[in-house]
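User: Could you take a close look at one part of this structure for me, and then show me what surrounds it? I am a first-year student, so please go step by step.

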Amino acid sequence: MRDYLERVSRQPLVRAIRDQGLELLKVTPGERVLDAGCGPGDMAARFADLGASVTAMDHDPAMVAVAGDIPGITAVTADLTTLDRPGEFDVIWSERVLQHVHDPDQIVGNLVRALAPGGRICLVDVDWTGLVVDGVDDDLTDQVLGVFRTVVANPSMGRTLRRRLARHGVVRTEVKSFLGVSTELAEAAAVIPVLDERVIPGPAAWFSALRAADEKGEFLTALPVYLVLGSA
């Protein structure tokens, strides 16, 4: 998992989304920042570099151990479904977490309650239902992507972020959308698990068709990602 997260972090689309989030959040030195679902701590490190007081949380102790080695970060193993830290943070960042959880609304509510008055929250997630792949037989593509969407707990999460914040009283929001387009299989597979046979088991015919499309210069994939900034 760490290898996958590190590959994703290097992608231009992910860097652009994170840069946009930082620009919107306008974090200042001394602010209390929570990176909720921190992974190896890439964003937590960026917040620390801005002079913030950073708490990085993840349910995976291995990820927490990696993040904890970054200077200026307090890393904690935690379950966001039981987070109970009302009003403790000026800024909250949560990236590509809610698509995986059983009760995303509970977590969003916990995060909103953790905001101090005037705080800002930024949620980032993918809409896997909007993933398209071209260059491969349509029936095979529909079959494989249909199965993949059942593996993700909340495949349409990205487009639902704004209304989930609104349900918990955050009505001052700004929405940004990004479309990650790739015409190279290796580049796309670094971000999209269903294109990588090392990550997701799938029909041999699927991966053979992907490689054939790539070799003929016919491969294309596009994936929508949403960023929503909310202000308490």
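Analyst: Two strands count as paired when DSSP finds at least two bridges between them. Please keep in mind that this is a predicted model. With that in hand, let us look closely at strand 8.

Strand 8 covers residues 220-231. Strand 5, residues 115-126, is joined to strand 8 by 7 bridges, and the two run antiparallel. To see a point of contact, find Val 126, which stands opposite Val 225 in strand 8. Strand 6, made of residues 132-134, also pairs with strand 8 in the antiparallel sense, over 3 bridges. Here you can look for Val 133, whose bridge partner in strand 8 is Thr 221. Then there is strand 7, residues 172-182, which pairs with strand 8 over 11 bridges, again in the antiparallel sense. One of the places to check is Arg 172, which has Ser 231 in strand 8 as its bridge partner.

Is strand 8 covered or open? It is mostly covered, as 9 of its 12 residues are buried. Still, Leu 220 joins Leu 179 and Val 181 in a nonpolar surface patch of about 260 Å². Val 181 belongs to strand 7. It counts as partly exposed because its relative accessibility is 49%, and partly exposed means between 20% and 50%.

Now let us follow the neighbors of strand 8 outward. After strand 6 comes a loop that leads to helix 6, and Asp 137 sits in that loop. Asp 137 is partly exposed, at 49% relative accessibility. Together with Asp 134, Asp 138, Asp 139 and Asp 142, Asp 137 forms a patch of negative charge on the surface. Helix 6, residues 138-151, gives the most to this patch, with 3 residues.

Next, go to the loop between strand 5 and strand 6, where you will find Asp 127. The side chains of Asp 127 and Arg 159 meet in a salt bridge, 2.8 Å from N to O. Arg 159 is in helix 7, so this pair ties together parts that are 32 residues apart in sequence. Asp 127 is buried, with a relative accessible area of 4%.

Helix 7 takes part in another such link. Asp 105 forms a salt bridge with Arg 164, and their closest N and O atoms are 3.2 Å apart. Asp 105 lies in helix 5 and Arg 164 in helix 7 (residues 157-167), so parts that are 59 residues apart in sequence are tied together. Arg 164 is buried too, at a relative accessible area of 11%.

These pairs belong to a wider set, since the count by the 4 Å rule comes to 14 salt bridges. Among them is the one where the side chains of Asp 42 and Arg 18 meet, at 4.0 Å from N to O. This pair links helix 3, where Asp 42 lies, with helix 2, where Arg 18 lies, and the two residues are 24 residues apart. Asp 42 is partly exposed at 30% relative accessibility, whereas Arg 18 is buried at 9%.

What should you take back to strand 8? It is mostly covered, and its antiparallel partners are strand 5, strand 6 and strand 7.

Terms used
Residues numbered from 1 in each chain as written. Predicted model: local features only at pLDDT ≥ 70, side-chain atom pairs only at ≥ 80, totals over all residues. Heavy atoms only, no water. Buried < 20%, exposed > 50% of the residue type's maximum accessible area, 1.4 Å probe, protein only. Helix = DSSP H or I, 4+ residues; strand = E, 2+ residues; numbered from the N terminus. Patch = residues over 30% accessible without salt bridge, like charges linked within 9 Å, V, L, I, M, F, W, Y side chains within 5 Å. Areas by Shrake-Rupley, 256 points an atom, 1.4 Å probe, with all protein chains shown as cover. Lys, Arg positive; Asp, Glu negative; His and termini not counted. Charge placed at Lys NZ, Arg CZ, Asp CG, Glu CD.
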